[in-house]
Each structure stands twice: as structure tokens, then as C-alpha cells.
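This report describes helix packing and some loop residues in one protein model. The sequence and structure come first.

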Amino acid sequence: MTAIELGLPAIGGLDGVPTTDGRQTAKDFTTDQEVRWCPGCGDYAVLAAVRSLLPALGIRRENIVFISGIGCSSRFPYYMNTYGMHSIHGRAPAIATGLAVGRPDLSVWVVTGDGDALSIGGNHLIHTLRRNVNLKILLFNNRIYGLTKGQYSPTSETGKVTKSTPMGSLDHPFNPVSLALGAEATFVARALDSDRGHLTEVLRAAAEHRGTALVEIYQNCPIFNDGAFDVLKEPDERERRIIRLRHGESIRFGPDGEYGLIRDSATGSLRVAEVAETGEDSLVVHDATAEDPTLAFALSRLGGQDLDPAVTGIFRSVARPAYDDLARAQVRQAVNAGPGDLQALLRGKDTWTVI
């Protein structure tokens, strides 16, 4: 799905973001730093996808910023030849918010992991989403703490045996897409690290969205949680399990499109059915631009921990004023109103004198 199909503006037309007519390539966004991730880490695939996407956006390198927190994914800014900041644990959205409000000329990206974003950073994440700050958040989800050597994370499956849960995790995991939709995020999507074409497609739509765009990326940790998403990469299982959302199209999947999603007549919830039995007209048509997030949320609840099925693509993409645009408008309004009266403020009705 492209941004044009969703009715979104091209990124070159976004106010305050300078563009360049000069040809940039992925090499222009590559630093001289050695990429230090473990062999086979899914982060390599995401890095390659982002480097290949950015030249197509037409934004000058000096007007792009990557801000990260703590974790393996948070090394990302070192490997991007743009401005960047490796910040503190869980606080990347807060730092990025300040930058987005103060510098409308920048395209601001947050790179975070399931531990960084959903544990210590959970509060910052949900408020960034509800405020609709003009940020692009890439949430790398490998269902484990990788940098600190294999403890369970907020997205680890119930019963997961790790160094910190030797008898199995008792926690029920977060569903990042459901969480984002519950926080009233205006753009929510999911992609798989190994599906380069689809990942790039989703990232471009996120980049062209005005407001907070969250993309959850299923990403493999080959050392501490190897194979977490292998079932979605095996040819037979991939075709049977993955539901790829397309705006305006009936939701169907399977090797020959033999399965689809319908509304259960008894409960009203979504369920998988064989198209041959129910008919094409019974299938749910995906509407990513629906103001009511009910369908998007129902789609996010499918599959669960066993990834059967696994829904990918853009769940929601709606227009709402961005927080930073509104904040700058307030500042302009205050400036245009002329100088204030400090003494009148200090001596106002709510002023108390204590003697």
C-alpha cells in the first residue's frame, strides 16, 4: 500500500522539511562505523531497508535525525550518516518530541526495541502516540532482551524460559499494535524483517504520515531468541499464516487465497473462514483510514502468541493535527498578541500573600 493510495501527502510536500534535488543513494546514508550486531541479527535487514528508503524521500541528510534509547536496536544512529542521538533507556520518544516541536525543518525518527519502548519507556511511548507528535517510531520486536543477554521482555510469550525466568514467564505479553491503537495512534503498522519489499513499503507510508507513525518490526535475535519468527519465513507456513492488509481490499490469504476474514454472526468478532464456503461477498474489506479504530483493533487481536495467523501491513492511517504543529501555532498566537503584563500575572486572582 502506498501513501498515495491512502490519500496521504508526498513527503516532499510536508511543511518545514527541506528537500533536495540532488541524487542521494544508500551509500550517502552509510557511515564509516563498523556495524556491530551479531551475525544473522534481523537489525541488518532493517538497516538496509531504511538506508535504501531515505534517498527516495528526497530529504537532505542534515534534515534527518535518528534518536534511540538503549538496546541492540539503539545502535542504529551510529550506522546512519544523518544526525542522531543514542539517548537513555526508554526516553527516546520524550527527547524526540522536544526536537520535533523545536525544529519543524527536521524529519525525526525513533528507533527502539520491545524492552526499551514497552518496559521502562512505556509511559513515554503511549503519550507520544496519543499526542500525535510528528515522529516515526520503529519498534524492533524480538521478544527478548538481547543487549543484556537474554532476559524475558514485555513481549515474551507466557511460559518463556529465559535467564530471568528459569521456570517460565508468568507475565502476559503486550501486543504492541493493540497498545498503539488503544493509545489513539494515527498510524500503526507491522512488518517482518526478512520481507524487504513489504517492509520498505510500510516504512515509506510511515515516513509520509503527518503525526506519530509506529511500525512494529518482527525481528530475529539469533543468539538469545533464535527462530522466534521462523514459522513466518517457511514457504508453506508463511503463505498459510500471514495476512497482509491492503487498504480497500477484501482480507484474504493462503497459498491460493483460499482463506479470508469474516464477521462471526454470533459474536461480531473476526474469524478465519474458507472463501469457497462463505463467498467473496462475506469477506471483511480493510479500511485503514476509518476514523473508528474498531476494525484495526480486532485485526490486531488475531493470532496471538503462536502467530497463527499473523497480520501485517498498515492497520490504521488517519489524519489528525500533529502536536508539534499545534504547539508552534500557540506560540505564534502568543507572540502576535504582543507583550504580556508580568505584574498583572503575578497579582492575578489566584495569587496569595503569605506573611
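## Helix packing and loop residues

In this predicted model, helix α2 (residues 92–102) has A92, P93, A96, T97 and A100 buried. These residues lie on the same side of α2, because they cover an arc of only 130° around the axis. An α-helix has 3.6 residues a turn, so residues three or four places apart point the same way. The cover over the buried residues of α2 includes β1 (64–68), β3 (107–113), α4 (122–131) and α10 (323–336).

One of these covering elements, α4, packs against α2 at an angle of about 40°, and the two axes are 8 Å apart. On the α2 side, P93, A94 and T97 take part, and they meet H124, L125 and T128 of α4. By class, the contact of α2 with α4 has three nonpolar, three polar and no charged residues.

A second helix pair is formed by α1 (residues 43–57) and α6 (residues 196–207), whose axes come within 10 Å and cross at roughly 50°. That angle makes α1 oblique to α6. The crossing of α1 and α6 is right-handed. From α1, the contact uses A45, V46, A48, A49, V50, S52, L53, A56 and L57, while α6 supplies R196, L199, T200, L203, R204 and A207. The residues of the contact of α1 with α6 divide into eleven nonpolar, two polar and two charged.

Outside the helices, the loop between β4 (136–141) and α5 (176–182) holds G150. G150 has a relative accessible area of 7% and is therefore buried, the cut-off being under 20%. Leaving aside residues up to four places away in sequence, G150 touches I144, Y145, T162, K163 and F224. P166 is 16 residues from G150 in sequence, and their C-alpha atoms are 11 Å apart in space.

Two residues other than glycine with positive phi are listed below.

| Residue | Phi | Loop | Relative accessible area |
|---|---|---|---|
| N132 | near 65° | between α4 and β4 | 0% |
| L307 | about 60° | between α9 and β11 | 3% |

N132 counts as buried, and L307 is buried too. The loop between α9 (294–300) and β11 (310–317) also holds P309. The peptide bond from D308 to P309 is cis, with omega near 5°.

Conventions: Residues numbered from 1 in each chain as written. Predicted model: local features only at pLDDT ≥ 70, side-chain atom pairs only at ≥ 80, totals over all residues. Heavy atoms only, no water. Axes fitted to C-alpha atoms, helices over the stretch in contact; angles between N-to-C directions. Helix = DSSP H or I, 4+ residues; strand = E, 2+ residues; numbered from the N terminus. Parallel < 35°, antiparallel > 145°, perpendicular 65-115°, else oblique. Left-handed = near helix turned anticlockwise from the far one by under 90°. Contact = heavy atoms within 4.5 Å. Nonpolar A, V, L, I, M, F, W, Y, C, P; charged D, E, K, R; others polar. Buried < 20%, exposed > 50% of the residue type's maximum accessible area, 1.4 Å probe, protein only. Arc of directions from axis to C-beta.
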